[in-house]
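Visitor: I would like to learn how to read the features of a model like this one. Could you take me through it?

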Amino acid sequence: MDTTWGEVQPWEAAPGVRTIGELELVELAGNGAALIDCRVPDSTGGVSIPGAVSVPHGEVLARRAELDPAGLSILFCNGPQCPQSPWAIHTLVESGFPAHALIYYRGGMHDWVTLAMPTQPTALPPA
């Protein structure tokens, strides 16, 4: 995984949005939280976190109805240096989506894969 791109993102994606690590992600997802992969399709490398649904960051407002404001949605992207999920979270909160219903997994796929956590294949964009 290339770690030479991007800028390290703040720990807090938006006021009122909790930031979590891998163990919290596993627990929350096991209890029904939705996993939202905010990466654009050509940056997935063909894998994601098991159970994640792809909602590219640029589509979050158009697909906002897919997120349950009464539940929890964990948003992630490529890792601590990737701005895609922080941008999506910030955009959702600014649009009025409740911050308490959003969770930021800052480690993203970089940390997930580095820790040898399980992955699932995703559809790669056409060549």
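Visitor: Are the two faces of strand β6 buried or exposed?

Guide: Keep in mind that this is a predicted model. To read a strand, take its two sides in turn. In β6, residues 102–105, Leu102 and Tyr104 are buried on one side, while Ile103 and Tyr105 are buried on the other.

Visitor: Which strands pair with β6, and in what sense?

Guide: Look at the bridges strand by strand. Strand β1, residues 18–20, pairs with β6 in the parallel sense over three bridges, with Ile20 facing Tyr105 as its bridge partner. Strand β5, residues 73–76, is also parallel to β6 over three bridges, and here Leu75 has Tyr104 as its partner. Helix α2, residues 84–94, joins β5 and β6 in a right-handed β-α-β unit.

Visitor: How many aromatic pairs are there, and why is the pair edge-to-face?

Guide: For rings, check the distance between centres, then the angle between planes. The whole structure has one aromatic pair. The ring centres of Tyr105 and Trp112 are 6.1 Å apart and their planes lie at 80 degrees, so the pair counts as edge-to-face. Both Tyr105 and Trp112 are buried.

Visitor: Which salt bridges does Arg63 form, and where is Arg39?

Guide: Read the atom distance first, then the accessibility. Arg63 meets Glu59 at 3.0 Å, N to O, and Glu66 at 2.8 Å, so these three residues are linked in a network. Arg63 is partly exposed at 23%, as are Glu59 at 35% and Glu66 at 48%. Arg39 pairs with Asp37 at 2.7 Å; Arg39 is buried at 1% relative accessible area, and Asp37 is buried at 3%.

Technical notes. Residues are numbered from 1 along each chain as its sequence is written. This is a predicted model: local features need pLDDT of at least 70, side-chain atom pairs count only at pLDDT 80 or more; totals for chains, interfaces and linings use all residues. Side-chain values use heavy atoms; hydrogens and water are left out. Buried means under 20% relative accessible area, exposed over 50%, partly exposed in between (1.4 Å probe, protein chains only). Helices (H or I, at least four residues) and strands (E, at least two) are DSSP runs, numbered from the N terminus. Two strands pair if DSSP finds at least two bridges between them. A crossover is right-handed if, with the strands pointing away from the viewer, the path from the first strand over the helix to the second runs clockwise. Rings of Phe, Tyr and Trp (its six-membered ring) pair if their centres lie within 6.5 Å; planes under 30 degrees apart count as stacked, over 60 as edge-to-face and the rest as tilted. A salt bridge is a side-chain nitrogen of Lys or Arg within 4 Å of a carboxyl oxygen of Asp or Glu.
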